[in-house]
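Follow the chain through its helix packing and a few of its residues. The explanation starts with a term and then moves to the elements themselves.

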Amino acid sequence: MRERIAVIMGPTASGKTALSIELAKRLNGEIISADAFQVYRGLDIGTAKVTAAEMQGVPHHLLDIKEPTEGYTAAEFCARARECIRALTARGKLPIIAGGTGLYVQALLEGYEFPEAGPLQEGYRRWEAVYAVEGLAGLVRHMRERSPEYFTTRPVPDRQRLIRALALLDSGADYRAGKSGEPVYRAKVIALAPPTEILKERIAQRVQAMLAAGLEDEARRLWSLPQAAELQATKGIGYREWAAYFAGEATREETAAAIIKATRRFAKRQRTWLRRMPYVHYLDPTRYTDPAALTEAATAYILGKGDVSDGK
């Protein structure tokens, strides 16, 4: 039998952490983080990582499991999350996936498979070479010849996606990343969707709070690591923007503005990603009188007591 899970998604600063904790308290749940950067030890402020006090005793999984010098992939997330889900289900707990990394959540829910990288390297090199000579138009032409239906769901050509898809076809694998034919879990998926202007203001306030809490020092420690520019951890928003500041090429105010701008753009991309997932139900937290009312609505949906979606 497929495991039953709940999922809380939404753009950054939409309130996922608080809602997931309240739901865990009500529904005998534990939380599995679906965040690409909260896995790193020491990256607490810039990732808005939940604090011990905020957890209110609710166990959280897949936080602080990596050193900043290590990598983390969607494949590893899925493997670890599946293991957590099995373990929590066996203990009678409701697994609650909470996080804003859309690829991670979609890959988990839809059963993506991740072929070993080794056999694909030759294919990647081949199609990178094709791109160098023929450009994006060449990749599009080859894909139309190989699998014209590819563009029915991906109308906007993307170099990296095309190269990966063509390499997968060369290996005999399905370019659709190995999606299963049906949902892997019995999942209730909620996305928080506050109005754009309110979210933009929340983001600005959050960044200012991070700066006051010591984000600069946290970023400085990260950038002091050997070969910091090559680390996945320094690519995170809230960290990568400090490179120019530490090099004397930007002021602190310019750095703060850059973080706010990048975070707002990221939130827009998160909303775009959610539209790829037709099974998502949206809740606008500003339409509820208080956090308790929002929790009630989310609880009702998860327990199957009506469709409480209030649109995108």
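A crossing of two helices is called right-handed if the near helix is turned clockwise from the far one by less than a right angle, and left-handed if it is turned anticlockwise. In this predicted model, helix α8 passes α11 in a right-handed crossing. Helix α8 covers residues 196-213, and its axis and that of α11 come within 10 Å and cross at roughly 140°. Angles over 145 degrees count as roughly antiparallel, and those from 65 to 115 as roughly perpendicular; α8 and α11 are therefore oblique to each other.

On the α8 side, the residues that meet α11 are Thr-196, Leu-199, Lys-200, Glu-201, Ile-203, Ala-204, Val-207, Gln-208 and Leu-211. Their partners in α11 are Arg-252, Ala-256, Ile-259, Ile-260, Thr-263, Arg-264, Ala-267 and Arg-271. An α-helix has 3.6 residues a turn, so residues three or four places apart point the same way.

Helix α11 itself runs over residues 252-274 and has 23 residues. From its first C-alpha to its last α11 reaches 33 Å, close to the 33 Å expected at 1.5 Å a residue. Which residues of α11 are buried? They are Thr-255, Ala-256, Ile-259, Ile-260, Ala-262, Thr-263, Ala-267, Gln-270, Trp-273 and Leu-274. Ala-256 is thus on the list of buried residues and also among the residues of α11 that meet α8.

Ala-256 leads on to another helix. Its C-alpha atom and that of Glu-216 are separated by 9.8 Å, with the two positions 40 residues apart along the chain. Glu-216 is placed in helix α9, residues 215-223. Is Glu-216 buried or exposed? The cut-off for a buried residue is under 20% relative accessible area; Glu-216 has 14% and is therefore buried. Leaving aside neighbours within four places in sequence, Glu-216 is in contact with Trp-242, Tyr-245, Phe-246 and Arg-252. Arg-252 is also one of the α11 residues that meet α8.

A second helix pair is formed by α3 and α4. Helix α4 spans residues 102-110, and the axes of α3 and α4 come within 9 Å and cross at roughly 55°. The two are therefore oblique to each other, and α3 passes α4 in a right-handed crossing. From α3, the contact is made by Ala-74, Phe-77, Cys-78, Ala-81, Arg-82 and Ile-85; from α4, by Leu-103, Tyr-104, Val-105, Ala-107 and Leu-108.

Ile-85 of α3 deserves a separate look. It is buried, with a relative accessible area of 0%. Not counting residues up to four places away in sequence, Ile-85 touches Glu-3, Ile-5, Ile-32, Pro-95, Ile-97, Leu-108 and Tyr-185. Ile-5, one of these, is 80 residues from Ile-85 in sequence, while their C-alpha atoms are 7.9 Å apart in space.

The loop between β3 (60-61) and α3 (74-90) holds Leu-62, and Asp-64 lies in the loop between β3 and α3 as well. Leu-62 is not a glycine but has a positive phi of about 70°. Asp-64, likewise not a glycine, has a positive phi of about 55°. As for exposure, Leu-62 is buried, with a relative accessible area of 6%, whereas Asp-64 is partly exposed, at 33%.

A third pair is α1 and α12. Helix α1 (residues 16-27) and helix α12 (residues 291-302) pack at an angle of about 60°, with their axes 10 Å apart. They are therefore oblique to each other, and α1 passes α12 in a right-handed crossing. Leu-19, Glu-22, Leu-23, Arg-26 and Leu-27 of α1 meet Ala-292, Leu-294, Thr-295, Glu-296, Ala-298, Thr-299 and Ile-302 of α12.

Tyr-150 is found in helix α6, residues 150-153. Tyr-150 is buried, with a relative accessible area of 3%. Its C-alpha atom is separated by 9.9 Å from that of Val-140, ten residues away along the chain.

Finally, the chain as a whole. Its secondary structure comes to twelve helices and six strands. Of its 312 residues, 46% count as buried. Among contacts between residues at least 6 apart in sequence, 73% join residues at least 24 apart. The accessible surface comes to about 15600 Å², and 52% of it belongs to carbon and sulfur atoms.

Notes
Residues are numbered from 1 along each chain as its sequence is written. This is a predicted model: local features need pLDDT of at least 70, side-chain atom pairs count only at pLDDT 80 or more; totals for chains, interfaces and linings use all residues. Side-chain values use heavy atoms; hydrogens and water are left out. Helices (H or I, at least four residues) and strands (E, at least two) are DSSP runs, numbered from the N terminus. The expected span of a helix is 1.5 Å times one less than its number of residues. Buried means under 20% relative accessible area, exposed over 50%, partly exposed in between (1.4 Å probe, protein chains only). Contact means heavy atoms within 4.5 Å. Accessible areas come from the Shrake-Rupley method with a 1.4 Å probe; for residues, only the protein chains shown count as cover. Axes are lines fitted to C-alpha atoms, for helices over the stretch in contact, and angles run from 0 to 180 degrees between N-to-C directions. Angles under 35 degrees count as roughly parallel, over 145 as roughly antiparallel, 65 to 115 as roughly perpendicular and the rest as oblique.
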